[in-house]
Amino acid sequence: MKNRIRQVFHSGKFITGFVIFIVILLTIFIYPLIITRDPLKMMGEGNFFRPGTYVSKSEVAGSGDSYQLNVDAAAAQVDRRLKNDTRGFMAEWLEKYGGVKSSEIDVSDADGLIALWQDHYDLAAEQKGMTAAKKKKFRRLDKEIRDIMKSKALFLAEKNEETGDLEEVEELGETEYVNEKDIQNKHTFPLGTDNFGRDVLTELVAATRSSLKIGVIAGVIATVLGLILGLLAGYLGGFADNLIVFFTNLFTVIPSFVLLILISYSVGESQRGIMMVAILIGCTSWPWTTRSVRSQVMSLRNRDHVNLSKLSGHSTIRIILTDILPYIASYVVMAFILQISSGILSEAQLSMIGLGPATTKTATLGLMMNWATMYSAHLNGSWWAYFPVVLMIALISFSLNLMNTGLDQVFNPQLRD
Amino acid sequence: MKGLKKYYVQKILWYLLTLVFAVVLNFVLPRLMPGDPVSAIAGKSVSGMSDATKIQKVYQDYTEKFGISKPIYVQFFTWLKNALHGDFGVSFSQFPRTVSDILSGAVWWTVCLQLPAIVLGWVLGNVLGAVAAYRKGVFDKAILPAFLFVSNIPAFGMAIILLFVFGVRLGVLPTSGGYGFNMMPSATWAFVKSVIVHYQLPFWSIVLITIGGQAIGMRSMAIYELNADYVKYSRFLGIKDRTIVKYVFRNAMLPQITGLALSLGTMMGGALVAEIIFSYPGLGTTLLAAVTGQDYPLLSACTLIITIMVLLANLAVELIYGIIDPRVKANQQD
């Protein structure tokens with residue numbers, strides 16, 4: 001046994017899958033210890049903030065000595081005030097009379113354009129073929145640009161409760177700054193927020209946790225059911241076998257997806273918690289395990305050591321437990337691993353058609369996908385709302401499948417490359 | 001031929017039996033549950049939703065067609081009789097359209113999308129898997145991890161990735177619907193063109209997913225076969241590599257066909273959810289509409305149609321298997 005386990009950990013595939021899975025597990029247990037707020041807390045109003053750091057707008061404006069200028073404010077103001085046609089005129093003058101090459105002029109770069117203007121514009125310069133009116137126009141333009149360059153203050157006002165008038169509270173100059181560290185109300189959303197304004201990263205960790213829970217519970221139920229039925233069918237044979245095989249075949253052909261939809265719809269939204277969904281998935285996915293356990297047991301049934309046990313008068317249960325189970329343990333573990341990953345996928349798909357766990361307390365990976373598509377994140381380009389979820393589902397399933405393949409190669413030498 | 005006939009008859013009978021079970025389950029399961037849909041409908045008609053007269057009308061139609069007050073077996077036979085006539089009642093959410101009217105449109109979109117996609121994905125996957133096993137080396141090393149990862153992306157995930165890249169970012173393909181939203185289904189060239197353009201993203205997302213899963217299965221089957229004694233023996237005999245590959249491919253393909261039959265239901269389930277991402281006018285989107293609209297008549301008819309489609313596809317695969325695998329015929333003749 002010890003040797004086998006050592007062998008398992010020599011398989012590259014198993015190790016890769018195992019490491020990915022452990023990293024995911026550690027994340028979902030350690031992350032909530034560091035960030036303790038409710039994963040479903042709505043952090044910001046409005047849909048789909050893109051990833052980044054956010055400061056509260058009212059705090060920035062209201063506190064006076066603690067606000068953040070998260071853009072180069074002066075440049076942005078110049079950029080905003082310098083109109084497009086003004087830019088066109090500037091470019092025209094510079095090219096014709098300033099002796100600037102057209103390749104050097106970039107009208108979209110307000111700062112650069114103004115710098116060029118200040119360098120080259122000269123009232124006294126010879127301006128051949130220009131009417132007086134046009135000369136005056138450019139003089140006005142120059143003044144306009146000078147004005148733009150002068151800083152303008154921004155006024156904060158508050159509404160008077162009684163009169164409804166706006167009263168000046170404070171004047172904010174363009175060159176007033178505040179240290180970033182002084183801002184209290186600052187949130188970083190590495191993965192942005194979702195349609196409800198919830199932090200996607202925190203939500204994703206919580207969702208992964210509940211999805212894994214669903215996967216494991218469903219996997220345990222499916223494996224236990226499948227194991228019991230497979231053992232009975234394979235070992236007892238005869239009528240029991242025929243009956244079980246009949247139902248197994250029936251339920252492999254009738255898609256479990258359809259059964260899940262029908263049952264989950266009928267159970268009603270009030271009943272459909274995480275536990276309920278997990279149980280439903282478990283109860284509809286046993287046929288796979290039953291099939292493989294049965295065929296394994298069939299091949300073991302007539303081995304010498306089993307016959308010897310029978311001759312010694314051991315009870316059926318004891319024979320199954322001591323003479324058959326140890327031989328199929330590795331298959332059962334592999335089936336269990338696959339059941340976990342298919343359970344997570346089933347939950348995701350069920351949630352996508354609106355039949356997932358109806359809970360407002362926790363998120364699952366499927367529910368996150370459901371919310372994202374309901375609020376058309378996939379159409380408005382909010383990739384952060386669904387892409388991490390897809391990646392997480394793929395990673396979990398990838399790691400579990402790698403572990404399964406690794407185990408398969410150890411216990412089934414014929415498959416080794 | 002006699003052996004094959006026996007195999008066919010057996011298979012068809014077995015699938016008929018499965019169909020009966022599926023139909024019974026479809027009827028009984030929802031009615032066994034605590035919040036059974038029929039009383040929910042009755043409840044709605046009493047509590048008066050947004051449109052009381054509408055609900056009332058549907059309820060009347062429902063009582064009439066399903067004989068709610070009668071014992072359950074009588075209800076079942078009335079329901080069955082109606083279903084055989086293609087009558088599933090009136091839809092809630094899309095009143096006054098009938099369920100069969102909604103579904104008769106949706107079914108064809110789904111069939112035309114999924115059938116070619118799964119078949120193409122299966123064929124490509126098997127060829128790639130066999131080539132990877134035979135060539136080994138760089139091709140195998142590069143392609144295997146890629147497929148391993150791709151096969152673990154759920155179908156809706158692949159759909160959403162393709163949608164983001166080609167629909168939103170590059171903007172070369174439409175993002176939703178089965179045809180341009182400004183068009184009416186008609187036999188014009190413009191409509192056909194629009195359908196083809198809208199077909200691409202859903203189609204390729206299903207194909208890619210299928211390829212991933214099949215290639216891995218085929219690769220390990222082919223490696224297993226390449227180590228078999230008959231291959232070594234053929235090499236001793238000096239049979240050309242090409243011929244050996246043909247044998248290997250044929251032998252490795254048989255379990256793949258059985259595998260296809262076993263996993264068709266799962267594959268179609270996944271593809272149905274992928275449809276939702278594209279709001280493709282097929283059964284998947286109809287299912288979503290039925291669930292969000294609390295439209296039980298539509299939902300139960302949808303699941304029944306999906307079950308029948310899966311059963312038919314499975315039966316087709318098994319019938320084809322009978323032709324391809326000579327052992328089937330031999331077994332039946334004993």
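Helix 5 of chain A, which covers residues 84-96, is a convenient place to enter this predicted model: the helix has 13 residues and reaches 19 Å from its first C-alpha to its last, close to the 18 Å expected at 1.5 Å a residue. Its buried residues are A:Met90, A:Trp93 and A:Leu94, and, seen down the helix axis, they fall within an arc of 95°, so they line one face of the helix. On the other side of helix 5 of chain A, the residues A:Asn84, A:Asp85 and A:Gly88 are exposed.

The wider setting of that helix is chain A, whose secondary structure comes to 16 helices and four strands. Of the 417 residues of chain A, 37% count as buried, and among contacts in this chain with a separation of 6 or more, 71% are accounted for by residues 24 or more positions apart. Chain B, in turn, contains 13 helices and zero strands, so that reading its elements from the N terminus on gives α-α-α-α-α-α-α-α-α-α-α-α-α. Buried residues make up 41% of the 334 residues in chain B, and residues 24 or more positions apart account for 71% of the contacts in chain B with a separation of 6 or more.

The two chains meet in a contact that takes 40 residues from chain A and 49 residues from chain B. On the side of chain A that touches chain B, the elements giving two or more residues are helix 9 (238-253), helix 10 (256-267), helix 14 (316-352), helix 15 (365-374) and helix 16 (387-411) of chain A. The largest share of that side, ten residues, comes from helix 10 of chain A, and by class the side of chain A that touches chain B has 26 nonpolar, 13 polar and one charged residues.

Helix 15 of chain A, one of the elements in that contact, deserves a closer look. Nine of its ten residues are buried, so helix 15 of chain A is largely enclosed by the rest of the structure. The buried residues in question are A:Leu365, A:Gly366, A:Leu367, A:Met368, A:Met369, A:Asn370, A:Trp371, A:Ala372 and A:Thr373. What covers them includes elements from both chains, namely helix 8 (200-236), helix 14 and helix 16 of chain A together with helix 7 (155-169) and helix 10 (241-277) of chain B.

One of these buried residues, A:Met368, also figures in the largest nonpolar core, which holds 163 residues and in which A:Met368, B:Ala159 and B:Cys302 touch the most other members. Leaving aside its neighbours within four places in sequence, B:Cys302 is in contact with B:Leu103, B:Leu283, B:Thr286, B:Leu287 and B:Ala290. Apart from the largest core lies another, of six residues, among them A:Met90, A:Trp93, A:Leu94 and A:Ala110; A:Met90, A:Trp93 and A:Leu94 are the buried residues of helix 5 of chain A.

The backbone offers two further points of detail. Most residues other than glycine have a negative phi. Just after helix 15 of chain A, however, A:Ser376 takes a positive phi of about 40°; A:Ser376 has its place in the loop between helix 15 and helix 16 of chain A and is partly exposed, with 17 other C-beta atoms within 10 Å. In chain B, the phi of B:Ser279 is near 45°, again a positive value in a residue other than glycine. B:Ser279 is found in the loop between helix 10 and helix 11 (283-292) of chain B, and with 20 C-beta neighbours inside 10 Å it counts as buried.

Two residues of chain A may serve to close the tour. A:Gln339 lies in helix 14 of chain A and is buried, with 27 other C-beta atoms within 10 Å. Not counting residues up to four places away in sequence, A:Gln339 touches A:Ala218, A:Gly219, A:Ala222, A:Thr223, A:Ser285 and A:Thr289, while its C-alpha atom is separated by 32 Å from that of A:Arg37, 302 residues apart along the chain. A:Asp119, by contrast, is placed in helix 6 (residues 110-120) of chain A and counts as exposed, with 11 C-beta neighbours inside 10 Å. The C-alpha atoms of A:Asp119 and A:Pro32, 87 residues apart along the chain, are separated by 58 Å.

Methods
Residues numbered from 1 in each chain as written. Chains lettered and ligands numbered in written order. Predicted model: local features only at pLDDT ≥ 70, side-chain atom pairs only at ≥ 80, totals over all residues. Contact = placed C-beta atoms within 7 Å. Nonpolar A, V, L, I, M, F, W, Y, C, P; charged D, E, K, R; others polar. Buried ≥ 20, exposed ≤ 12 C-beta atoms within 10 Å, placed from the backbone. Core = buried A, V, L, I, M, F, W, Y, C linked by C-beta atoms within 7 Å. Expected span 1.5 Å × (residues − 1). Arc of directions from axis to C-beta.
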